[in-house]
Amino acid sequence: MSQRLSIESLYNKSAERWLAWIRDITGLGQDTMTAAVAAATIAAILLTTTITWKHLSPSRKPVPFQGIPTPKGARPLVGHLFSIGRNRAETFHRWHQELGPTFYFRLGTKNILVLADPNATHDLLSVNGRVTSDRPESTIRYDFGEKEIKGIAFGQPSSKHYVALRKSVLYALGPKKLEEASPILCAEADEFVDIIATGKNIEPLPNLMRVSLNFIFLTVFNQRATSTHDSLYKNAMHIINTAMNLTHFKYIASQFIPVLKVLNPFIGIKKKSLDFHINTIMPFYLELIEKALDSDQDNMTKDLNEEMNQGKRGYYNNLLATIHDVILAGTDTTAVTISWGFLRISSMPEIQKKIQEEIDAFVNKYGRVPFFWERDEVPYMIAVQRECMRTRPSTEVGVAHAVSQDLEWQGTLIPKSTWIMANMTDAHLNPDKYQNPEKFDPDRFLGKEETMASSMNQKIKDRDHFNFGWGR
Ligand code: HEM
């Protein structure tokens, strides 16, 4: 006790001496001094608190994925690899139900953010598109021999040719060209109808693949396959199917678990992919490219070669990668979308009847079937197409984007290299957007006959589907 008193008295004495000294040199009175000391004490406390707080939270940068939930089951090194299962869309749906519209999970060293809310997806992929439009680094495309060869689907928006290439591809496939290509589309569709009208059992998918492939091949090369037995069709399908298989996890696992790169040469994965590119993909496209450049008709190969190589012959690596992308991206997606549509309505005779009546009415009036731009004459058919695509989006979770630099987004940090997936399947099941989302109900799209492309470009609140249109 006496010890404490003596410390206090010591402290008081030395404080008094300091105050007297300050009074002497400033000439301030007792009251003014008390106020000044109180103000100085408060300022000192504030300063110390600020410095300590700043020190504890350096630059107040948000913590990665703060507030964004992640599913249970992550394991060291592999992350959620063993929790995903065979059906990714089903697992994501379950995780959304447990965790909400936004979650992230880990695959080896990569963080993957999955979004089902269209507003959040739009904000992240479109509004912040400058940093979220990259593609993740791909081990697949390296096999064209040079790192910078990425074509369009794996090209980075910042890379040399991407913007010009995309413009050329969009122009070559845009509404004006589509109108010009209508006779091609109609001839292909007529041939498909002749095949299914034989009354025999046929598998629609290969025939639909040929229809979509022919449309793209005629646009790109002025070439078409005359049947599913034609070697052009068979070789193209072999390439499409093998390229799709090469995106299987076992071929790209080293992107997520880098240590596996050491094993790749021993288990032959790299070699298989490289052999396929050099011995199958390249000769197939090189022959078609040469023929297309020799052709006296216009085609997309000529346009792209002009854009990329100023028309010179012999520099085909990036051109080849781009053409390969257009064929991969356009054939399977279109054929699978139409096949799902057929499957969906095959058990709905009422819906088939309504479509039939609508088309019959058009044929009676004009003596022909409708063109693409006569959509408002067949609103029910368009509504069925939209409802099929809502309930079965062909790409389920789209094509992954990657974050090119650390991004502060909605109070959290999305670190550089995070993958982003726009979950179309779940966006299309949002009850706030679609009443009774589980019900197949084409009527919800009646009065929305504009093209998918134009509705995609509307304000996010007015968009009626989310199959495409996320920033790139
Ligand atoms: C129902 C049919 C189709 C669906 C559902 C579909 C869907 C998609 C999706 C989701 C993407 C990724 C977009 C993104 O990065 O966020 C994409 C990219 C792409 N699609 Fe399609 N697509 C279809 C038809 C086509 C067709 C017919 C072509 C060409 C003939 C095509 C060419 C491309 C290309 C070149 C890309 C890459 C664009 C880029 O990365 O910048 N697609 N498509």
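**Close-up views of a predicted model**

Buried residues account for 26% of the 472 residues in this protein. The model is a predicted one, with 20 helices and 6 strands to find your way around. Looking at contacts between residues at least 6 apart in sequence, 66% of them link residues at least 24 apart.

**View 1. The shell around the ligand.** There are 21 residues around the ligand, and the ones that come nearest are Ala329, Gly330, Thr333, Thr337 and Val399. Helix H7 (162-173) and H16 are the elements that give two or more residues to this shell. H16 gives the most, with 7 residues. If you sort the shell by class, you get 10 nonpolar, 8 polar and 3 charged residues. The ligand lies between domain 2 (65-136 + 373-472) and domain 3 (138-347), because both domains give residues to the shell.

**View 2. Trp340 on helix H16.** Here we stay with H16, which spans residues 317-346 and carries Trp340. Is Trp340 buried, exposed or partly exposed? Trp340 has 16 other C-beta atoms within 10 Å, so Trp340 is partly exposed; the buried class would take 20 or more. Setting aside neighbours within four places in sequence, Trp340 is in contact with Cys388 and Arg392. Ser394 is worth picking out too: Trp340 and Ser394 are 54 residues apart in sequence, yet 8.5 Å apart in space, C-alpha to C-alpha.

**View 3. Helix H18 and what covers it.** H18 (residues 379-391) has 13 residues and reaches 18 Å from its first C-alpha to its last, close to the 18 Å expected at 1.5 Å a residue. Its buried residues include Met381, Ile382, Ala383, Val384 and Met389. Arg386, Glu387 and Arg390 of H18 are buried as well, and so is Cys388, one of the contacts of Trp340 from View 2. What covers the buried residues of H18 includes H16 and helix H17 (349-366).

**View 4. The largest nonpolar core.** In soluble globular proteins, nonpolar side chains tend to be buried together. The largest such core in this model has 33 residues, and those with the most contacts inside it are Leu213, Ile216, Val220, Ile289, Leu319, Leu320 and Ile323. At least two residues each are supplied by H7, helix H10 (204-221), helix H11 (231-245), helix H14 (269-294), H15 and H16. H10 brings the largest share of this core, 9 residues. To follow one residue, take Ile289: leaving out neighbours within four places in sequence, Ile289 is in contact with Thr301, Tyr316, Leu319 and Leu320. Another core lies apart from this one; it has 25 residues, among them Phe105, Ala116, Ala402 and Ala427.

**View 5. Positive phi at Leu77 and Gln310.** Most residues other than glycine have a negative phi. Leu77 is not a glycine, but has a positive phi of about 70 degrees. Leu77 is found in the loop between helix H2 (30-56) and helix H3 (81-84), and counts as exposed because it has 11 C-beta neighbours inside 10 Å. Where is Gln310 placed? Gln310 sits in the loop between helix H15 (300-309) and H16. Phi of Gln310 is near 50 degrees, again a positive value in a residue other than glycine. With 8 other C-beta atoms within 10 Å, Gln310 is exposed.

Key: Residues are numbered from 1 along each chain as its sequence is written. This is a predicted model: local features need pLDDT of at least 70, side-chain atom pairs count only at pLDDT 80 or more; totals for chains, interfaces and linings use all residues. Helices (H or I, at least four residues) and strands (E, at least two) are DSSP runs, numbered from the N terminus. A residue is buried if 20 or more other C-beta atoms lie within 10 Å of its own, exposed if 12 or fewer, and partly exposed in between; C-beta atoms are placed from the backbone. Two residues are in contact if their C-beta atoms, placed from the backbone, lie within 7 Å. A residue is near a molecule or strand if its C-beta atom, placed from the backbone, lies within 6 Å of it. Ala, Val, Leu, Ile, Met, Phe, Trp, Tyr, Cys and Pro count as nonpolar, Asp, Glu, Lys and Arg as charged, and the others, Gly among them, as polar. Domain bounds come from an automatic or database domain assignment. The expected span of a helix is 1.5 Å times one less than its number of residues. A nonpolar core is a set of buried Ala, Val, Leu, Ile, Met, Phe, Trp, Tyr and Cys residues joined through C-beta atoms within 7 Å.
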